[in-house]
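Welcome, and thanks for taking a look at this one. Below is a short tour, grouped by topic, to read alongside the viewer.

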Amino acid sequence: MSETREFKTEVQQLLQLMIHSLYSNRDIFLRELVANAADALDKARFESLTDPASAREWKIVITPDKENKTLTISDNGIGMTREDVVENIGTIAQSGTKAFLKMLEEKGENNSDIPELIGQFGVGFYSAFMVASSVDLITKRGDNPAVCWSSTGEGSYELSEADRTEIGTQIVLHLKEDAEIYLENWKISEIVHRYSDFIAYPVVMPEKKIDDDKNETVEERTLNSQKAIWLRKPSEITDDEYKSFYAHLSNFGGTEYLKAIHMTAEGASEFKALLFLPKQAPFNLLMPDIQKKGLQLYIKRMFITDECKELLPDYLRFVCGVVDSSDLPLNVSREILQQNPLLGKIQTAVTGKVLSELKKLLENDRENYEKFFVEFGRIIKEGLHTDRANAEKLKDLVLYESMNSPEGKRITLKEYVDAMPESQKDIFYITGDKREAVASSPALEYFRSKGWDVLFMTDPIDEWVMQSMYQYAQKYFKSVVKGDFEDKELEDKVKSAQEKYAPVAEFMKKVLDDKVSEVRFSGRLTDSPCCLIVDGQALSPHMERLFRAMNQDVPVSKRILELNGDHPVISALSEKLAANADEAELTRYAKLLYDQALLLEGSPLTDPAAFAKEVVTLLGSVLK
Ligand code: ADP
């Protein structure tokens, strides 16, 4: 029974792109199809663990046919049922495809790196249409009837019965005229060698040979070495081999990585690992449903799963790679395997290795480390909160901008502490949305006058992280906008201001009673008349704003208003009060002072229009 079906809209869009765009590198279609075949073999081989009768000589065969201008890629892997085909090839239910198309839309003209991105989104099969004017896929799974899927990629596809008896999948590409180079043996073997050398199954090509009696025979030539790259000596692996392996397994696409990490663990748990630190964060780093998480797990070279989350803590989810263990049991289900305590031991070892490699990178290649940190720092910071065992190591890996360092330059906590003058006892920080916002905070004035640096924490995650970062190098972290501020040297000064201007503080408190919990003098300010301070345990204003942005109900915590006894505005207010000036007028001034303090801490005004009007009125009276 034959039927014609329409492609889903997204697939059509994607196909248009494949058919009509001219990519610089069309070779990757073969990489994608061989990778799919290898995945299908992985699945079948995994099934054969519990059903030994189904074991067969696993392989992938690539057959060019110059006469018919077809290139056929076949595997004896898991195969697909009719439903599988409709689901996998006709629809792509995966959210990845939609995300891919969305990204293309956003990128617009500038889409030169698309080939590298294709594999990333699970749209690999469609890349066949870069070189083929039509594609037939014949497949059989288990005892189900074989099925044939054909399409020219123009909106619809045909499904019909097929007479294949062998389990597995065969993909026949009817090559476009300009793609006939892919019929050449040398071209095929070059591509396989380049992109698929490490595939764990033989990728073979039938080749005609003339034997001694001048008879034509066909022999299969194996094109790939099948050497598991992670089992080889690092010194014997070329850059290209690393790159193509990275492209094969990276969650993010692309061949560029920052660092390859080889690991051989012996003793309690024996395993080998090859891990990669990526260079760039994928645009979907924060979209967990798209992003595959976890490392690939092999047991004695046998592929088990490519999403083993137990091998890495969540905050290292940008690392990709392979772990090959010789201790884990082979003949159990994935679910049971995932509860094996050995995985936890491997995780500990792998985490330690990644952190020490990052430290080395920080020490030896600061420039690249900083670039890396800009991409992945916010994810690493999650570890400060979630991985207590490694918290101290992680503290050495985080970078922050600071008041005393130029914009864009980041320093380590160690550099901060090393630069602390003797008079400074604590590590000071301020949280906020961005550098400009925190850099102008009046709360910094005192620290500036002392020459003490203040860390700028402008990542949304920083505030959350700081809840568990109490100390570094035996120094406490203190927020500059929090109330517990003491300076013995300034005590007398503050005390005398408190006495001299007591009526000002009283009056301000009366006017702002519903907004502030206390009005007091402090030595914290040099240039500004007043600033708002958060009481001990209360949420910082930045955190409050974050919660509100997430639509969470947070109680409005009253701030402490701190006044600067040295500021002319305060003395002027004091004089006016003493002279019994118009109370309505003074009330307006008090509110104005409060509003500008709110603005400086980055908080919104409840009534910006009233504030603006007040400022204009004031200007009017000055300019009169
Ligand atoms: P991806 O391989 O990234 O999931 P593809 O578009 O390349 O995306 O393939 C879609 C799906 O089709 C695969 O996930 C797999 O289920 C199925 N598939 C593709 N090629 C084969 C094959 N040779 N054998 C069995 N299933 C396949």
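Let's begin just past a helix: α18 is followed by Asn551, whose phi is positive, near 60°. Please keep in mind that this is a predicted model. For the wider picture, the protein chain holds 21 helices and 23 strands, and 52% of its 624 residues are buried. Among its contacts with a separation of 6 or more, 71% join residues 24 or more positions apart.

**Helix α18**

- Helix α18 covers residues 541–549, and its residues Pro541, His542, Met543, Glu544 and Arg545 are buried.
- The cover over those buried residues includes β17 (427–431), α15 (460–466) and β23 (559–563).

**Helix α20**

- Does the length of α20 fit its residue count, or what span should one expect? At 1.5 Å a residue, the 18 residues of this helix (583–600) should span 26 Å, and the end C-alpha atoms are 26 Å apart, which agrees.- At the N-terminal end, Asp582 acts as a cap for α20, with a side-chain oxygen 3.3 Å from the backbone nitrogen of Ala584.
- Beyond the helix comes Gly602, which has a positive phi, near 90°.
- Leu586, Ala590, Leu592, Leu593, Tyr594, Asp595, Ala597 and Leu598 are the buried residues of α20.
- Their packing partners are α17 (502–511), β21 (516–521), β22 (530–533), α19 (568–578) and α21 (608–623).

**Nonpolar cores**

- The largest nonpolar core has 102 residues, and within it Val350 and Leu455 touch the most other members.
- Helix α9 (residues 341–364) supplies the largest share of this core, with 9 residues.
- Another core lies apart from it, with 68 residues that include Ile62, Ile73, Ala228 and Ile229.
- Which residues does Leu455 touch, leaving aside those up to four places away in sequence? They are Tyr400, Glu401, Ser402, Ile411, Leu413, Tyr416, Ile427, Phe428, Tyr429, Ile430 and Phe477.

**Aromatic rings**

- Searching the whole structure turns up 25 aromatic pairs.
- One of them is the tilted pair of Phe7 and Tyr157, at 5.0 Å centre to centre and with 45° between the planes.
- Phe7 sits in the loop between β1 (3–6) and α1 (9–20), while Tyr157 belongs to strand β6 (residues 156–161), so this pair ties together parts that are 150 residues apart in sequence.
- Are these two rings buried or exposed? Phe7 is buried, at a relative accessible area of 4%, and Tyr157 is buried as well, at 2%.
- Elsewhere, Trp230, Tyr242, Phe245, Tyr246, Tyr257, Phe276 and Tyr298 make up one aromatic cluster.

**Cysteines**

- How many disulfides are there? The count comes to 0.
- Cys148 has a relative accessibility of 13%, so it counts as buried, the cut-off being under 20%.
- Cys531 takes part in no disulfide: its nearest cysteine sulfur belongs to Cys530 and is 7.2 Å away, which is beyond the 2.5 Å limit for a disulfide.
- Cys531 is also buried, with a relative accessible area of 2%.

**Two strand residues to visit**

- Gln296 is part of strand β12 (residues 295–299) and counts as buried, at 11% relative accessibility.
- Setting aside residues up to four places away in sequence, Gln296 touches Leu249, Phe303, Thr305, Asp306, Leu311, Gly321, Val322 and Val323.
- Lys209 is placed in strand β8 (residues 203–210) and counts as partly exposed, at 35% relative accessibility.
- Lys209 and Glu219 are 10 residues apart along the chain, and their C-alpha atoms are separated by 6.8 Å.
- With residues up to four places away in sequence left out, the contacts of Lys209 are Asn215, Glu216, Thr217 and Glu219.

Methods
Residues numbered from 1 in each chain as written. Predicted model: local features only at pLDDT ≥ 70, side-chain atom pairs only at ≥ 80, totals over all residues. Heavy atoms only, no water. Core = buried A, V, L, I, M, F, W, Y, C linked by side-chain atoms within 4.5 Å. Buried < 20%, exposed > 50% of the residue type's maximum accessible area, 1.4 Å probe, protein only. Helix = DSSP H or I, 4+ residues; strand = E, 2+ residues; numbered from the N terminus. Contact = heavy atoms within 4.5 Å. Phe/Tyr/Trp six-rings, centres within 6.5 Å; stacked < 30°, edge-to-face > 60°. Expected span 1.5 Å × (residues − 1). Polar contact = N/O pair within 3.5 Å; in protein donor to acceptor, adjacent residues only side chain to side chain.
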